[in-house]
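Student: Could you walk me through this one while I have it open? I'd like to start with the polar contacts and then get to the sheet.

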Amino acid sequence: MKGEKYLFVVSGPSGTGKDTVVSKLLGDHKEIKKTVSATTRAMREGEVDGVSYHFLTKDQFKQSLEADGIVEYTCYCDNYYGTLRSEIERRMQAKQPVILVIEVEGATNIKKLYPGSTTIFVLPPNMEELERRLRLRGSEDEETIQKRLRRAETEIARSANYDEHVINDVVEDCADRIFTIIQNRLAKPE
């Protein structure tokens, strides 16, 4: 599809700080947008439909999925979360850089659908630092931390399929490296 060079997919293990890095990037570069995901979970206080999420019923979500309107999704705690095709394609057609922050499985699907997109994998400086960050959250028990660390090893092994890799040693520096990747990609012809 024309405009695929405007699509950027960011993934990384839990605890790498990918969401923090992307928030910093978006705060510094207003021309870059992040997709608004669809979900079937209930709207929480302070959330706005179409801004926080696109809130759908389970039937609406399934209908959109069957109509090929959702390009990647997952089910978590009995609720669906996914990326609407319209969210991506509207921005690509407008030649507006757009970022998806999604899991490795979803990123693989996006790359198949949009081979001209750029996948970026955010790595921790090392596994010890990743473990430290997970423990600093203070919200997970030992079993969950160990599960996340094992999953991180698997995801890092699968990152060989990504176009770009950045290390999140310092949030600002990592955001700058991703911005450089975006600038370089946008400078290339389609």
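Tutor: Before the first distance, a definition: a polar contact is a pair of N or O atoms within 3.5 Å, where, within protein, one must be able to donate a hydrogen and the other to accept it. Please also keep in mind that this is a predicted model.

Student: OK, so which side chain has a polar atom 2.9 Å from the backbone nitrogen of V36?

Tutor: That is E87, whose side chain places a polar atom 2.9 Å from the backbone nitrogen of V36. The side chain of E87 also makes a polar contact of 2.8 Å with the side chain of R91.

Student: Where does E87 sit, and is E87 buried or exposed?

Tutor: E87 belongs to helix α3, and with a relative accessible area of 4% E87 counts as buried, because the cut-off for buried is under 20%.

Student: What does E87 touch, leaving out residues up to four places away in sequence?

Tutor: With those left out, E87 touches T35, V36 and H54.

Student: Switching to the sheet, what's the strand order?

Tutor: Five strands make up an open sheet in the order β2-β7-β1-β8-β9, and their pairing is parallel. The edges are taken by β2 (33–34) and β9 (164–167), each of which has a single partner strand, so one side of each is left without a neighbour in the sheet.

Student: And which helix packs on that sheet?

Tutor: Helix α7, residues 171–187, packs on the sheet and touches β1 (7–11), β7, β8 (118–123) and β9. The direction of α7 makes about 160 degrees with that of β9.

Student: How many bridges join β2 to β7?

Tutor: Two bridges join β2 to β7, and these strands run parallel; within that pair, K34 of β2 stands opposite I99 in β7.

Student: What about β1, how many of the residues there are buried?

Tutor: Five of the five residues of β1 are buried, so β1 is largely enclosed by the rest of the structure. Both faces are covered, since L7, V9 and S11 on one side and F8 and V10 on the other are all buried.

Student: Which residues stand across from V10 in β7 and in β8?

Tutor: In β7 the bridge partner of V10 is V101, while in β8 V10 stands opposite I120. The strand β1 pairs in the parallel sense over four bridges with β7, and likewise over four bridges with β8.

Student: Back to α7, what span should the helix have at 1.5 Å a residue?

Tutor: The 17 residues of α7 should span 24 Å, because the expected span is 1.5 Å times one less than the number of residues, and the end C-alpha atoms of α7 are 24 Å apart, which agrees.

Student: Which residues of α7 are buried?

Tutor: The buried residues in α7 are C174, A175, I178, F179, I181, I182 and R185. They cover an arc of only 155 degrees around the axis, which puts them on the same side of α7. These buried residues pack against β1, α1 (18–28), β7, β8 and β9.

Student: Last thing, backbone torsions: what's the phi of D68, and of K95?

Tutor: Phi of D68 is near 65 degrees, a positive value in a residue other than glycine, and phi of K95, also a residue other than glycine, is near 55 degrees and likewise positive. D68 lies in the loop between α2 (58–66) and β5 (70–76), and K95 in the loop between α3 (85–93) and β7 (98–101).

Student: Is D68 buried, exposed or something in between?

Tutor: D68 is partly exposed, with a relative accessible area of 48%.

Technical notes: Residues numbered from 1 in each chain as written. Predicted model: local features only at pLDDT ≥ 70, side-chain atom pairs only at ≥ 80, totals over all residues. Heavy atoms only, no water. Buried < 20%, exposed > 50% of the residue type's maximum accessible area, 1.4 Å probe, protein only. Pairing = 2+ DSSP bridges. Contact = heavy atoms within 4.5 Å. Axes fitted to C-alpha atoms, helices over the stretch in contact; angles between N-to-C directions. Arc of directions from axis to C-beta.
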